[in-house]
Amino acid sequence: MKLKFQYRPGNSFFHKMDPSIKFIWMVIIVLLLFIMTDPFSVLGLLVLQILMGKIGAKMGLIEMARALVIIAPAALTVSLLNIFVIGDLLYGAAMGLRMLAVVIPGVIFSKTTDPRRLTFSLVQVLKFPYMFGFMINTAYRFVPIFEDELNSITNAHIVRGVDMELKGIRGRFKKLQITVEPLLIGVIRRSQLTSMAVQNRAFGAYPNRTYTYVTKATKWDKIFLAAWIISFFIYAFTLGTPSQLLSTFMPWAK
Amino acid sequence: MIKVKDLTYWYPRMESPSLDRVNLEINDGEFVLILGASGSGKSTLLFSLNGILQHEIGGRIKGHIEVNGKNPTEKEVFDMATTISLVMQDPEVQLTQMTVFDEVVFGPENLLRPKEEVIQAAESALKFVGLYEKKDCIVNELSGGQKQRLAIAAALAMNTEIIAMDEPTAHLDPKGTNEVFQVIKKLKELKKTIILVEHKVDNVIELLEEDDRVVVLDNGKIILNGRPREIFAKHGRVMMDEFGLALPQIVELALRLGITPIPLHIGEVDCSKFDINPIASNRSGKNNIPIITVKDLEFSYGNGVVLNGVNFTIPKGLTTVIVGQNGSGKSTLLQNIIGLLKPTKGKILFNGVELNSLDKKSVFRDIGYVFQYPEHQFVTKTVKDEIEYGLKIRNLERSIIESRSREFLEMFGLEKTKDRHPLTLSMGEKRRLSFATMLILEPKVLIMDEPVIGQDRRRTQYLIKLIDKLKSQGITIIIATHDMNFLAQCADNVIVINEGKVIFQGDVVKLFNEKRILTAAGLDDPPVHKLATKLGCPEIVTVEQFCTCLAKQVVA
């Protein structure tokens, strides 16, 4: 399975960055967008993201534009709805731009983050339980396998004369009904065998485990993150309003 | 040392035991081959040794097990994992990490071993199985044989004294199988205790030495336990006829011809004792009327070309077998033939008419397809409904449906299970049901994808008889398989696919004598053909033919 925005190896600034730091940076961008209600700030942030994608992740402008095009219809709908329902042109524009601005960091993250390093980083840097990292690894291994299995089940039904090109909600439900049972049986069978296989390799023997692959945040990663945290608070207490900040983080304090 | 005493085990909700008063002792450094028909309890026995059965699966257990002084019923599975490693049948389920190196370090890391020690163990294990150069590769990108070698490397890195392997080559093509057996041969030299469950006896016999051991299970009981020569010589006939087991071809031949002492492999056969007459092959694609013609077929998934410039014909009323390595494009080709996939270029003619111009429903009526996993095909809640399903779709009269379904339930031995859910059947019953659901529709062509994977001799023989019967009714059969013995027994016409291209089309005899083709496609001719060739009769490809052609057996 080849995904459009899947990881592509490289040596850009973002490629070298620790995935957990990158993940926190992405969260900061989302929070910033939460408290930005004027379209000019959102547009500024969007342009900054594109520049960061171009320079920091060595991504092409067309590549980023493709991602924006995918979300553009939804962004336009949100804008128009806000403009016509609330009657505020600037607010409506900001809402639409928000959706576009959140896409670019996501694309930068997915294109520059090695899934293997991400799972190690989540466990080693953000101290997630190692069981969590294992789950991500297993999902990464098994999703293409289950996709193949679903394909095989669908084909097996087609040759029995079952109409698998059913459209509409009823059609989809019928399709789901006949494929879900054999697929689930396959999933359960594989899960049981995998569970047996990993137990046989002493998985879960101790609360901790050794890591031969070590990932940690570098000095530059920390500086980058600190700069964004500071920028967030500067924006929040200057251009953003304290009430927006309060309503975003402490809705109960209104 | 392993000691199993009066071990009886019942799976959850089962009334009859899967292991029945099993007694077994295995010494340190011993190599033990476990044989048995499907469902005889081989895997269950292996799973009891590392505690998986007791702690993961549940059920009831009686008796005592001791593995290097540890009782797996009392010890935690991770504790047992430092003593015994298990390599399982399906390469896909036992590898959970993204890269080759991560997979091998996974076990020792879980045991909190020091980092340097883990790296050293992983590197030496990868070198041992010949995968060191691939250590940074993604596991999903490895071939089947490489994945099983990786599973063995992961077991080795755990540094356990005992390695148990449950049919590690069941899903592999001849090349992958050979790779794995080369590694097992090296493992034997390390003097580790090895317990191997395996159906591919012709490969495993090459590994066996005089002081190795063969244990035979039937219905959960150990019925034979001894040295290979003793077991095969004294009990070979019973193993074949009563327990439905495949014997190494050379052993089977010797038993059928009454040769003593029983040779275990070709190296032990005294060729001067035979005088055989050449025969004309009775299985060749003499029928030149094509039912399917493939012309300049190309097929790609995105940018990946799977089939490229494929040309061949399938003769009407004969059995055509398509062989090739895992990933060579066999299944893609079959799916193009039935119209599940659309060729990127070229065309497929069915009875002279382009397949794409035909109504899909009429194609599926004329061409039946039995998938590798029968459970994928079931759509109803009972066996009877499953058999009737295709007839109901065709709006046949109720009385006709009733009589046909009765006939097929009886023909495939499924009357007693007619009210059960298809998914609750045994593997053999599921396989029979999948054939019945297709054959009741009276197809003109029947396609089977890997029908003999993991099947014992009895089931394979049943399938061969069924194929002969269908052929006599004029049905054209197309089979994709890796199994060279099965191929030799049923193919009239063989197509070899390699890297998306047809590199051979002809009869079995011609294929087995084209070493260049066999090597290119990673295939291997069966031992009986190797022996016959040595004796000057390269047209003999099965044990049956060898026995028929024997003009004189010189008694020493």
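# A tour from Asp212(B) to the pockets

Start at Asp212(B), which counts as buried because its relative accessibility is 5%, below the 20% cut-off. The model on screen is predicted.

**Stop 1: around Asp212(B).** Select the loop of chain B that runs between helix 9 (201-204) and strand 8 (213-218); Asp212(B) sits there. Now show its contacts. Beyond the neighbours within four places in sequence, Asp212(B) touches Phe31(B), Lys188(B) and Leu207(B), and also Gly226(B), Arg227(B) and Pro228(B).

**Stop 2: a sheet in chain B.** Next, select strands 1, 2 and 4 of chain B. They form an open, antiparallel sheet of three strands in the order 2-1-4. Strand 2 (19-26) and strand 4 (60-67) are the edges, each pairing on one side only. From one strand to the next, the twist averages 15 degrees.

Zoom in on strand 1 (residues 2-10) and strand 4 of chain B. Seven bridges join these antiparallel strands. Pick Tyr9(B) to see one of the pairings: its bridge partner in strand 4 of chain B is Ile61(B).

Then add helix 1 (residues 42-49) of chain B. Helix 1 packs on the sheet and touches strand 1, strand 2 and strand 4 of chain B. The direction of helix 1 makes about 120 degrees with that of strand 1 of chain B.

**Stop 3: the largest cavity.** How many cavities of 30 Å³ or more does the structure hold? There are four. The largest has about 130 Å³ of space. To find it, select Phe120(A), Gly133(A), Phe134(A), Asn137(A) and Arg209(A), which lie nearest its centre among 14 lining residues.

Both chains take part in this lining. Helix 6 (115-124) and helix 7 (130-159) of chain A, with helix 5 (100-110) of chain B, each supply at least two residues. Helix 7 of chain A gives the most, with four residues. Colour the lining by class: seven residues are nonpolar, four polar and three charged.

**Stop 4: the second largest pocket.** Finish at a pocket of about 2,200 Å³, the second largest. It is lined by 46 residues; select Arg189(A), Leu193(A), Tyr11(B), Met427(B) and Lys430(B), the closest to its centre.

Helix 8 (168-199) of chain A gives two or more residues to this lining, as do helix 1, helix 2 (52-57) and helix 16 (427-439) of chain B. Which element gives the most? Helix 8 of chain A does, with six residues. By class, the lining of this pocket has 17 nonpolar, 17 polar and twelve charged residues.

Notes
Residues numbered from 1 in each chain as written. Chains lettered and ligands numbered in written order. Predicted model: local features only at pLDDT ≥ 70, side-chain atom pairs only at ≥ 80, totals over all residues. Heavy atoms only, no water. Buried < 20%, exposed > 50% of the residue type's maximum accessible area, 1.4 Å probe, protein only. Contact = heavy atoms within 4.5 Å. Pairing = 2+ DSSP bridges. Axes fitted to C-alpha atoms, helices over the stretch in contact; angles between N-to-C directions. 1 Å grid on protein atoms, 1.4 Å probe; cavity = no way out; pocket = protein on both sides within 12 Å on 5 of 7 lines; lining within 4 Å. Points joined across faces, edges and corners; volume = space filled by probe spheres on them. Nonpolar A, V, L, I, M, F, W, Y, C, P; charged D, E, K, R; others polar.
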